[in-house]
Amino acid sequence: MKKAVFLDRDGVLNEVLSDRVKFVNKPEQLYLLEGAAEAVAEINKEGYEVFVVTNQGGVGLGFLKEKELIKIHDRLQELVNEIGGHFKEIAYCPHKPKAGCECRKPNAGMLTDLAKRHDIDLRNSVMVGDHERDIEAGIKAGCKTIFIGAEETKADFQATSLMEATEIIKKILR
Ligand SMILES: [Mg+2]
Ligand SMILES: [Zn+2]
């Protein structure tokens, strides 16, 4: 079984609610946060699979077409590839926030599905997010958790950026 790092997308890898972008509805609105691509490459170098797990309720609500979301994710993969990083898979929940599906975080469906399909040891894997629903999904899946941000959290660890989280990951996954 392999160890993995699951990353939330918005606010962990790319900007949202910043001066130049509100939500990412087109590939051109994708601005990686400083050091994010380098952090992914660093985690890959340690030998861990890296997955993105993102709630994209805008698809279900009709703000964003699934085809456009896939283009955004192709762009995300491309930007990270340029730095030498690689996502094994970018998983998303396209359902309406209130649909009650198993995949939308704080539920653990995306993580458990990826684990099954890619032979991942969830107990020796990490979920990184900037919202408590990410942390709850990680806890439900049985992962270790890292919260990015200053707010109070149930997460095992707290960091200010993905690069800082990567330093923690290197210590806790061996
Ligand atoms: Mg987020
Ligand atoms: Zn869903």
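## Zinc site

His95 has a relative accessibility of 32% and therefore counts as partly exposed, whereas Cys93, at 0%, counts as buried (buried means under 20% relative accessible area, exposed over 50%, partly exposed in between, with a 1.4 Å probe and protein chains only). This is a predicted model, in which local features need pLDDT of at least 70 and side-chain atom pairs count only at pLDDT 80 or more, while totals for chains, interfaces and linings use all residues. Side-chain values use heavy atoms, with hydrogens and water left out.

The zinc ion (ligand 2) has as its protein donors Cys93 (SG), His95 (ND1), Cys101 (SG) and Cys103 (SG), at 2.0 to 2.3 Å (donors are N, O and S atoms within 2.8 Å of the metal, or 3.2 Å for Na, K and Ca). The angles among the four donor atoms of the zinc ion (ligand 2) are 102 to 120°, and the site is tetrahedral (four donors with all angles between 85 and 135 degrees).

## Magnesium site

Asp8 (OD), Asp10 (O) and Asp130 (OD) coordinate the magnesium ion (ligand 1) at 2.1 to 2.2 Å, and their spacing in sequence is D-x1-D-x119-D. Both Asp8 and Asp10 are buried.

## Sheet

Six strands form an open sheet with parallel pairing, in the order β3-β2-β1-β4-β5-β6 (strands are DSSP E runs of at least two residues, numbered from the N terminus, and two strands pair if DSSP finds at least two bridges between them). The edge strands, each pairing on one side only, are β3 (89-93) and β6 (157-159). Strand β5 (residues 144-148) runs parallel to β6 and is joined to it by three bridges, with Phe147 standing opposite Gln158 in β6.

Notes. Residues are numbered from 1 along each chain as its sequence is written. Chains are lettered from A and ligands numbered from 1 in the order in which they are written. Helices (H or I, at least four residues) and strands (E, at least two) are DSSP runs, numbered from the N terminus. Four donors count as tetrahedral if all angles lie between 85 and 135 degrees; four count as square planar and six as octahedral if opposite donors are over 155 degrees apart and all others between 65 and 115; anything else is irregular.
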